Amino acid sequence: IEYMTVQQLADKCYVSVSTLNRFFKIYGFKKYHIFKSSYLSHIIIRKKQMLSRLNRKNNQQLIKVFQSFLTPNQIELISSSSLIQQCCQCIQKSKRIILIGSDEMMSFTLRMQTDFLVMNKFVIKDSIYKENYFLPEQDDFIMLFSMAGKIIDSNKKIIQQISEQGSQVLTIGQFDYLKDKAIHLVIPQHLDEVLENMILDY
């Protein structure tokens, strides 16, 4: 947003300028330029944190932890470098990233959303529930957090709606709903929330 006017930002967020101004005031920013300055400072700090985290991350240590509760086949699926590279390429090429999942799952993706913003990606967090569903566009990269599959049961049409858009799709969960139409990162069944989040973070 470094070179964007408040009107341009409002258009990108699909809201009015007055809505943005109310948002700024709620969070203590009297003017748009004060918010912008604070936001850009945060982005610089966050970028340094991300680089530091990547440099310190010990993937081999994580794999050893995974070995204690996953089968060799599950570990191979989770740690597939070609699959992860494919995801990274889709993120890089996309104009927007759409995060879709249950309201509970969306709270987990807050840090993920911040990291995408640092990468200069426009991110939309969306609920899978019918009344809140956002229709993706063709050049979006959709990340569907289906997890145990209960959210798909609550909206049977969502898989068809997503596949019809022609967008690049990543499904994350226990079941591969879109088969060859999407990238699928498997979350093995019967894991508790802590272990699921550890795999998602990896």
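1. Packing of helix 4. In this predicted model, the buried residues of helix 4 pack against two other helices, namely helix 5 (72-78) and helix 11 (193-201). Helix 4 covers residues 59-67, and its buried residues are Leu62, Ile63 and Phe66. These residues lie on the same side of helix 4, because the arc they cover around the axis is only 100°. A general point on helix geometry applies here: an α-helix has 3.6 residues a turn, so residues three or four places apart point the same way.

2. The opposite face of helix 4. Which exposed residues does the face of helix 4 turned away from its buried side carry? They are Gln60, Gln61, Lys64 and Gln67. Helix 4 thus has a buried side with Leu62, Ile63 and Phe66, and a face turned away from that side with exposed residues.

3. Ile75 in helix 5. One residue of helix 5 is Ile75. Its relative accessible area is 11%, and Ile75 is therefore counted as buried, the cut-off being under 20%. When neighbours within four places in sequence are left aside, Ile75 is in contact with Ile63, Phe66, Gln67 and Leu70. Of these partners, Ile63 and Phe66 are among the buried residues of helix 4, whereas Gln67 is on the face turned away from the buried side. As a distance for orientation, the C-alpha atoms of Ile75 and Ile124 are separated by 30 Å, with the two positions 49 residues apart along the chain taken as their separation.

4. Tyr202 after helix 11. The segment after helix 11 contains Tyr202. Tyr202 is partly exposed, and its relative accessible area is 22%. Not counting residues up to four places away in sequence, Tyr202 touches Lys57, Asn59, Leu62, Ile63, Phe66, Ile78, Ser79 and Ile84. This list includes Leu62, Ile63 and Phe66, the buried residues of helix 4. Tyr202 and Ser167 are 35 residues apart along the chain, and their C-alpha atoms are separated by 24 Å.

5. The end of strand 1 and the loop that follows. Gly101 lies in strand 1, and Ser102 lies in the loop between strand 1 (96-101) and helix 7. Are these residues buried or exposed? Gly101 is buried, with a relative accessible area of 0%, and Ser102 is buried as well, with a value of 10%. From C-alpha to C-alpha, Gly101 and Phe35 are 29 Å apart in space and 66 residues apart in sequence. For Ser102 and Glu164, the separation is 21 Å in space and 62 residues in sequence.

6. Thr109 between two helices. The loop between helix 7 (103-108) and helix 8 (110-118) contains Thr109. Thr109 counts as buried, at 0% relative accessibility. Residues up to four places away in sequence not being counted, Thr109 touches Leu99, Lys125 and Phe145.

7. Two positive phi values. Most residues other than glycine have a negative phi. Where in the chain is Asn120 found? Asn120 is in the loop between helix 8 and strand 2 (122-127). Asn120 has a positive phi of about 65° although it is not a glycine, and Asn120 is exposed, with a relative accessible area of 70%. Met147, also not a glycine, has a positive phi of about 50°. Met147 is found in strand 3 (residues 140-147), and Met147 is buried at a relative accessible area of 10%.

8. Overall fold and dimensions. The protein has 11 helices and 5 strands. Its radius of gyration is 18 Å, which agrees with the value near 17 Å that a compact globule of 202 residues would have. The C-alpha trace spans about 55 × 40 × 30 Å along its principal axes. Of the contacts between residues at least 6 apart in sequence, 66% join residues at least 24 apart.

9. Burial, surface and charge. How many of the 202 residues count as buried, as a percentage? The share is 40%. The protein exposes about 12,500 Å², and carbon and sulfur atoms supply 54% of that area. There are 25 positive and 19 negative charges, and their mean positions are 9 Å apart.

Definitions and conventions. Residues numbered from 1 in each chain as written. Predicted model: local features only at pLDDT ≥ 70, side-chain atom pairs only at ≥ 80, totals over all residues. Heavy atoms only, no water. Helix = DSSP H or I, 4+ residues; strand = E, 2+ residues; numbered from the N terminus. Rg over C-alpha atoms; globule rule 2.2 N^0.38 Å. Buried < 20%, exposed > 50% of the residue type's maximum accessible area, 1.4 Å probe, protein only. Contact = heavy atoms within 4.5 Å. Areas by Shrake-Rupley, 256 points an atom, 1.4 Å probe, with all protein chains shown as cover. Lys, Arg positive; Asp, Glu negative; His and termini not counted. Charge placed at Lys NZ, Arg CZ, Asp CG, Glu CD. Arc of directions from axis to C-beta.
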